[in-house]
Amino acid sequence: MSEKPHGEVQKGFRKIVYLTFPPEVSGRPVVCNLARLFDLSFNILKAEISPRQDGTMTLEISGLETDFHKGVNYLKENSVRITPVAQKIFRDEDCCIHCGLCTAMCPTKALVVDKGTRKVLFEIDKCSACGLCTRVCPVQAMAVDLDENGRN
Ligand code: SF4
Ligand code: SF4
(Lines give C-alpha, C1' and ligand atoms only; values in the text may rest on other atoms or scores of the structure.)
(Ligands and ions follow the chains in the order given, each with its own letter.)
Protein backbone atom coordinates (compact mmCIF):
# COMPACT_ATOMS: atom_id res chain seq x y z
CA MET A 1 0.00 0.00 0.00
CA SER A 2 1.34 3.44 -0.75
CA GLU A 3 0.61 6.70 0.91
CA LYS A 4 0.57 9.30 -1.78
CA PRO A 5 0.99 12.88 -0.65
CA HIS A 6 -0.18 15.19 -3.39
CA GLY A 7 2.72 17.56 -2.96
CA GLU A 8 5.22 18.70 -5.55
CA VAL A 9 7.99 16.33 -4.60
CA GLN A 10 6.81 12.88 -3.61
CA LYS A 11 9.13 10.63 -1.66
CA GLY A 12 9.98 7.27 -3.08
CA PHE A 13 11.18 6.12 -6.45
CA ARG A 14 11.23 8.51 -9.38
CA LYS A 15 12.46 8.28 -12.92
CA ILE A 16 12.29 10.19 -16.16
CA VAL A 17 11.44 8.08 -19.20
CA TYR A 18 10.92 8.75 -22.86
CA LEU A 19 7.87 7.08 -24.40
CA THR A 20 7.06 6.38 -28.02
CA PHE A 21 3.44 5.57 -28.86
CA PRO A 22 2.41 3.78 -32.06
CA PRO A 23 -0.52 5.43 -33.89
CA GLU A 24 -3.11 2.98 -32.57
CA VAL A 25 -2.18 3.86 -28.96
CA SER A 26 -1.78 7.63 -29.32
CA GLY A 27 -5.44 8.33 -28.63
CA ARG A 28 -5.75 6.07 -25.59
CA PRO A 29 -5.35 7.18 -21.95
CA VAL A 30 -2.51 4.77 -21.13
CA VAL A 31 -0.49 7.43 -19.28
CA CYS A 32 -3.48 8.51 -17.17
CA ASN A 33 -3.92 4.86 -16.25
CA LEU A 34 -0.52 4.93 -14.51
CA ALA A 35 -2.17 6.98 -11.78
CA ARG A 36 -5.49 5.13 -11.80
CA LEU A 37 -4.16 1.57 -11.89
CA PHE A 38 -0.75 1.82 -10.23
CA ASP A 39 -0.97 4.79 -7.86
CA LEU A 40 1.85 6.57 -9.67
CA SER A 41 2.26 10.31 -10.04
CA PHE A 42 3.44 11.71 -13.33
CA ASN A 43 4.55 15.00 -14.74
CA ILE A 44 4.62 15.46 -18.50
CA LEU A 45 7.79 17.36 -19.39
CA LYS A 46 7.21 17.29 -23.12
CA ALA A 47 4.67 15.66 -25.42
CA GLU A 48 4.04 15.45 -29.14
CA ILE A 49 0.91 13.40 -29.74
CA SER A 50 -1.20 13.55 -32.88
CA PRO A 51 -4.12 11.30 -33.84
CA ARG A 52 -3.15 8.41 -36.14
CA GLN A 53 0.57 9.19 -35.90
CA ASP A 54 3.48 8.06 -33.74
CA GLY A 55 3.51 10.06 -30.51
CA THR A 56 6.35 10.84 -28.11
CA MET A 57 6.36 11.95 -24.51
CA THR A 58 9.01 12.72 -21.88
CA LEU A 59 7.51 11.77 -18.56
CA GLU A 60 8.63 12.06 -14.95
CA ILE A 61 7.10 9.21 -12.97
CA SER A 62 7.16 8.87 -9.18
CA GLY A 63 5.74 6.47 -6.61
CA LEU A 64 6.80 3.14 -5.21
CA GLU A 65 9.46 1.32 -7.21
CA THR A 66 7.32 -1.83 -7.42
CA ASP A 67 4.42 0.23 -8.79
CA PHE A 68 6.79 1.94 -11.24
CA HIS A 69 7.82 -1.43 -12.68
CA LYS A 70 4.19 -2.58 -12.88
CA GLY A 71 3.35 0.64 -14.70
CA VAL A 72 6.24 0.21 -17.11
CA ASN A 73 5.12 -3.37 -17.85
CA TYR A 74 1.60 -2.09 -18.45
CA LEU A 75 2.90 0.47 -20.93
CA LYS A 76 4.96 -2.17 -22.72
CA GLU A 77 1.95 -4.49 -22.90
CA ASN A 78 0.16 -1.64 -24.60
CA SER A 79 2.87 -1.34 -27.26
CA VAL A 80 4.47 1.79 -25.78
CA ARG A 81 8.25 1.87 -26.27
CA ILE A 82 10.17 3.08 -23.23
CA THR A 83 13.65 4.60 -23.24
CA PRO A 84 15.44 5.73 -20.06
CA VAL A 85 16.71 9.28 -20.40
CA ALA A 86 19.67 9.09 -18.01
CA GLN A 87 22.01 10.15 -20.77
CA LYS A 88 19.78 13.16 -21.39
CA ILE A 89 20.39 14.72 -18.00
CA PHE A 90 23.13 17.28 -18.45
CA ARG A 91 24.87 20.02 -16.56
CA ASP A 92 25.60 23.43 -17.97
CA GLU A 93 29.21 23.70 -16.82
CA ASP A 94 29.28 27.48 -17.32
CA CYS A 95 26.20 27.89 -15.19
CA CYS A 96 27.05 25.66 -12.20
CA ILE A 97 28.20 27.64 -9.16
CA HIS A 98 29.21 24.48 -7.23
CA CYS A 99 26.90 25.29 -4.37
CA GLY A 100 26.54 21.56 -3.58
CA LEU A 101 22.76 21.62 -3.16
CA CYS A 102 22.23 18.87 -5.71
CA THR A 103 24.68 16.51 -3.98
CA ALA A 104 22.35 16.24 -1.00
CA MET A 105 19.45 15.22 -3.25
CA CYS A 106 21.13 12.86 -5.69
CA PRO A 107 20.15 9.30 -4.68
CA THR A 108 22.85 7.59 -6.77
CA LYS A 109 25.81 9.82 -5.84
CA ALA A 110 26.17 10.90 -9.45
CA LEU A 111 26.71 14.39 -8.06
CA VAL A 112 29.48 14.55 -5.46
CA VAL A 113 31.85 17.12 -4.03
CA ASP A 114 35.49 16.60 -4.95
CA LYS A 115 37.25 16.80 -1.61
CA GLY A 116 40.39 18.25 -3.16
CA THR A 117 38.95 21.02 -5.32
CA ARG A 118 35.58 21.48 -3.49
CA LYS A 119 33.98 21.45 -6.95
CA VAL A 120 30.85 19.39 -7.60
CA LEU A 121 31.49 16.54 -10.03
CA PHE A 122 28.78 15.06 -12.23
CA GLU A 123 29.28 11.38 -13.15
CA ILE A 124 26.64 10.77 -15.76
CA ASP A 125 27.12 6.98 -15.76
CA LYS A 126 25.72 6.85 -12.23
CA CYS A 127 22.69 9.01 -13.03
CA SER A 128 19.31 7.23 -12.73
CA ALA A 129 17.40 10.13 -14.31
CA CYS A 130 15.28 10.77 -11.24
CA GLY A 131 15.24 14.47 -12.11
CA LEU A 132 15.56 15.69 -8.51
CA CYS A 133 18.64 17.79 -9.23
CA THR A 134 16.79 19.69 -11.94
CA ARG A 135 14.30 20.79 -9.29
CA VAL A 136 16.74 21.98 -6.65
CA CYS A 137 19.48 23.63 -8.68
CA PRO A 138 19.16 27.36 -7.99
CA VAL A 139 20.64 28.37 -11.35
CA GLN A 140 19.06 25.62 -13.52
CA ALA A 141 22.45 24.18 -14.35
CA MET A 142 21.00 20.64 -14.22
CA ALA A 143 18.48 19.99 -16.96
CA VAL A 144 16.87 17.34 -19.15
CA ASP A 145 17.69 17.52 -22.82
CA LEU A 146 14.17 17.46 -24.24
CA ASP A 147 15.12 18.20 -27.83
CA GLU A 148 17.34 15.25 -28.65
CA ASN A 149 15.09 12.56 -27.12
CA GLY A 150 14.01 9.69 -29.26
CA ARG A 151 16.77 9.98 -31.80
CA ASN A 152 18.63 7.01 -30.32
S1 SF4 B 1 22.76 22.66 -7.45
FE2 SF4 B 1 23.24 23.43 -9.48
S3 SF4 B 1 24.71 25.10 -9.13
FE4 SF4 B 1 24.63 23.87 -7.26
S5 SF4 B 1 26.33 22.38 -7.53
FE6 SF4 B 1 24.45 21.40 -8.26
S7 SF4 B 1 24.44 21.81 -10.48
FE8 SF4 B 1 25.90 23.24 -9.56
S1 SF4 C 1 22.22 13.44 -11.29
FE2 SF4 C 1 20.17 14.31 -10.94
S3 SF4 C 1 18.80 13.10 -12.23
FE4 SF4 C 1 20.73 11.94 -12.01
S5 SF4 C 1 20.38 10.59 -10.25
FE6 SF4 C 1 21.36 12.44 -9.46
S7 SF4 C 1 19.63 13.77 -8.82
FE8 SF4 C 1 18.79 12.18 -10.16
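**Figure 1. The surface of the chain, and what supplies it.** In this predicted model, the chain exposes about 8,900 Å². Carbon and sulfur atoms supply 52% of that exposed area. Turning from the surface to the inside, buried residues make up 40% of the 152 residues in the chain.

**Figure 2. The fold, read from one end of the chain to the other.** Count them up and you get five helices and eight strands. Follow the sequence along and the pattern reads β-α-α-β-β-α-β-β-α-β-β-α-β. Now look at contacts between residues at least 6 apart in sequence: 69% of these join residues at least 24 apart.

**Figure 3. Phe-13 and Phe-68, a tilted pair of rings.** A search of the whole structure turns up two aromatic pairs, and this view shows one of them. The ring centres of Phe-13 and Phe-68 sit 4.9 Å apart, and the planes make an angle of 55 degrees, so this pair counts as tilted. The label fits because tilted covers whatever is neither under 30 degrees (stacked) nor over 60 (edge-to-face). Phe-13 belongs to strand E1 (residues 13-21) and Phe-68 to helix H3 (residues 65-77), so the pair links distant parts of the chain, 55 residues apart. How buried or exposed are the two partners? Phe-13 is partly exposed, at a relative accessible area of 23%, while Phe-68 is buried, at 5%.

**Figure 4. Phe-38 and Tyr-74, the other aromatic pair.** Here the rings of Phe-38 and Tyr-74 lie 5.5 Å centre to centre, with 55 degrees between the planes, and this pair is tilted too. Distant parts of the chain are linked here as well: Phe-38 comes from helix H2 (residues 32-38) and Tyr-74 from helix H3, 36 residues apart. Phe-38 has a relative accessibility of 16% and counts as buried. Tyr-74 is also buried, with a relative accessible area of 13%. Both values earn the word "buried" because the cut-off is under 20%.

**Figure 5. A close-up of ligand 2 and the residues around it.** Which of the 13 residues around ligand 2 come nearest? They are Cys-106, Cys-127, Cys-130, Gly-131 and Cys-133. Sort the shell around ligand 2 by residue type and you find ten nonpolar residues, three polar ones and no charged ones. If you're wondering where the nearest residues fall in that tally, Cys counts as nonpolar and Gly as polar.

How values were computed
Residues numbered from 1 in each chain as written. Chains lettered and ligands numbered in written order. Predicted model: local features only at pLDDT ≥ 70, side-chain atom pairs only at ≥ 80, totals over all residues. Heavy atoms only, no water. Near = heavy atom within 4 Å. Phe/Tyr/Trp six-rings, centres within 6.5 Å; stacked < 30°, edge-to-face > 60°. Helix = DSSP H or I, 4+ residues; strand = E, 2+ residues; numbered from the N terminus. Buried < 20%, exposed > 50% of the residue type's maximum accessible area, 1.4 Å probe, protein only. Contact = heavy atoms within 4.5 Å. Areas by Shrake-Rupley, 256 points an atom, 1.4 Å probe, with all protein chains shown as cover.
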